[in-house]
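This report describes selected pockets, strands and residues of one protein model. The sequence and the structure come first, and the text follows.

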Amino acid sequence: MINTTNTQENLSGLKREDFKKTIDGKSTDLFILKNKNGMEIAVTNYGAATLAIMVPDKNGNYANVILGHDSIENVIKSPEPFLSTTIGRYGNRIAKGKFTLLGKEYSLAINNGPNSLHGGPTGFHTAVWDAEQTDEQTVEFKHTSQDGEEGFPGKLTVNMTYSLTDNNEFTITYKATTDKTTIVNLTNHGFFNLAGIANPTPTVLNNILTINADYFIPIDEVSIPFGEIIKVAGTPFDFRTPHVVGERIDDKDQQTVNGTGYDHCFVLNKKEPGELSFAAKCVEPLSGRSMEVYTTEPGVQLYTGNWLNGFSGAHGTTFPARSAICFEAQHFPDTPNKPHFPSVVLNPGEEYNQTTIYKFGIEK
């Protein structure tokens with residue numbers, strides 16, 4: 001592992017020595033990505049977690065717009081274990097932690113009510129990824145998940161790249177192969193706050209949101225899809241034109257009740273499966289910061305930090321309920337038990353591919 005950047009001199013104030021630890025013989029570290037515009041991203045290879053994204057507001061003032069921690073110990077012990085990490089082998093929920101593949105039933109850890117969530121308690125968010133910073137704007141990660149890990153079949157090898165472009169794009173690319181038929185649904189669980197994290201971090205209820213989706217996936221009281229895909233028209237989930245996040249989040253709609261706000265997968269409008277296309281846009285009106293999301297995935301899970309409880313983050317910041325907005329690009333929840341959903345099966349000889357881009361800007 002190499003780190004080509006002097007991480008003592010960075011906008012986030014994070015220190016490399018605070019992220020050095022040996023876990024099961026593997027070393028953790030801090031990596032700083034910088035572009036020509038002065039934007040910076042700080043990441044660690046524990047869970048491939050994003051720790052800071054430093055972007056300016058309309059007045060040129062920089063702030064960290066992603067929820068994170070300031071030491072490896074705090075990342076490991078975070079009250080929100082998925083905080084801005086990479087998620088695998090399966091992002092989102094699998095009902096009752098069970099699925100059948102090629103006639104065999106598999107059982108996963110139950111870690112979210114009656115369901116399995118985000119690959120289980122020791123999913124990819126707890127892995128120490130092999131990492132190499134290849135230049136000032138790129139970190140390459142690799143992780144091998146062994147056959148049977150967290151109950152999933154097959155030895156899965158994942159190669160992932162984080163890059164910061166000179167267009168202020170945080171680009172994530174994933175590739176994965178397996179030696180046995182398995183299921184794969186990788187995602188990034190960035191908890192964004194475009195106002196900037198603070199004590200307390202403000203809610204995202206004033207954010208202006210657009211989502212390129214005519215349909216969304218309704219869920220039951222334990223957040224498992226019924227299997228339907230329904231139109232957003234006439235519901236609090238219609239973000240085809242810009243709406244303020246807080247405008248309808250507490251409507252007495254059964255779906256906002258079931259999600260305790262927004263915690264739903266939107267079915268993105270695509271001309272063809274797998275195309276890299278616009279998914280969503282979020283604007284924080286006071287700072288003028290904006291973020292656009294592009295992905296090859298068929299869905300994006302919108303989550304408004306409903307279960308954040310005020311715990312502490314980097315440099316004395318705190319993260320109350322609804323102080324973050326997440327855009328988890330992914331296949332649909334519980335797909336292994338919903339055969340009419342786009343498949344998440346990966347066979348030997350095939351390659352899983354995904355690209356997701358978070359592009360930052362300013363609207364004055």
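The second largest pocket has a volume of about 360 Å³. The model is a predicted one. Around this second largest pocket there are 21 lining residues, and Thr296, Glu297, Pro298, His331 and Ser343 are those that lie nearest its centre. The elements that give two or more residues to this lining are E22, strand E29 (345–346) and strand E30 (352–362). By class, the lining of the second largest pocket has 11 nonpolar, 5 polar and 5 charged residues.

The largest pocket holds about 460 Å³ of space. Its lining is made of 26 residues, of which Arg93, Asn112, Leu117, Tyr303 and Trp307 lie nearest the centre. The structure also holds 1 cavity of 30 Å³ or more. The residues Ala49, Thr50, Leu51, Gly68, His69, Val75, Ser78, Glu80, Pro81, Leu83 and Thr85 line the largest cavity. Volumes and lining classes are set out below.

| Space | Volume | Nonpolar residues | Polar residues | Charged residues |
|---|---|---|---|---|
| Largest pocket | about 460 Å³ | 10 | 11 | 5 |
| Second largest pocket | about 360 Å³ | 11 | 5 | 5 |
| Largest cavity | about 60 Å³ | 5 | 5 | 1 |

Strand E22, which contributes to the lining of the second largest pocket, spans residues 263–268, and 6 of its 6 residues are buried. Both of its faces are covered: Asp263, Cys265 and Val267 are buried on one side, and His264, Phe266 and Leu268 are buried on the other. E22 pairs with strand E19 (residues 213–217) through 4 bridges, and the two run antiparallel. It is also joined to strand E25 (residues 299–303) by 5 bridges, again in the antiparallel sense. Cys265 takes part in both pairings: it is the bridge partner of Ile217, and it stands opposite Gln301 in E25.

Ser290 is found in strand E24 (residues 289–295). Is this residue buried or exposed? Ser290 has a relative accessible area of 7%, which is under the 20% cut-off, so it counts as buried. Apart from neighbours within four places in sequence, Ser290 is in contact with Leu194, with Lys281, Cys282 and Val283, and with Lys359, Phe360, Gly361, Ile362 and Glu363.

A further group of strands forms an open sheet. What is the order of its 4 strands? The order is E3-E4-E5-E6, and the pairing is antiparallel. Strand E3 (30–34) and strand E6 (62–64) are at the edges, and each has a single partner strand, so one side of each has no neighbour in the sheet. From one strand to the next, the twist averages 15°. Strand E5 (residues 50–56) pairs with E6 over 3 bridges in the antiparallel sense. Within this pairing, Val55 has Ala63 in E6 as its bridge partner.

Leu30 is found in the edge strand E3. Its relative accessible area is 0%, so Leu30 is buried. Leu30 and Met54 are 24 residues apart in sequence, and their C-alpha atoms are 15 Å apart in space.

Definitions and conventions
Residues are numbered from 1 along each chain as its sequence is written. This is a predicted model: local features need pLDDT of at least 70, side-chain atom pairs count only at pLDDT 80 or more; totals for chains, interfaces and linings use all residues. Side-chain values use heavy atoms; hydrogens and water are left out. Two strands pair if DSSP finds at least two bridges between them. Axes are lines fitted to C-alpha atoms, for helices over the stretch in contact, and angles run from 0 to 180 degrees between N-to-C directions. Buried means under 20% relative accessible area, exposed over 50%, partly exposed in between (1.4 Å probe, protein chains only). Contact means heavy atoms within 4.5 Å. On a 1 Å grid over the protein atoms alone, a cavity is a set of points where a 1.4 Å probe fits but cannot get out, and a pocket is an open set with protein on both sides within 12 Å along at least five of seven lines; lining residues have an atom within 4 Å of a point. Grid points are joined across faces, edges and corners, and a volume is the space filled by probe spheres set on the points. Ala, Val, Leu, Ile, Met, Phe, Trp, Tyr, Cys and Pro count as nonpolar, Asp, Glu, Lys and Arg as charged, and the others, Gly among them, as polar.
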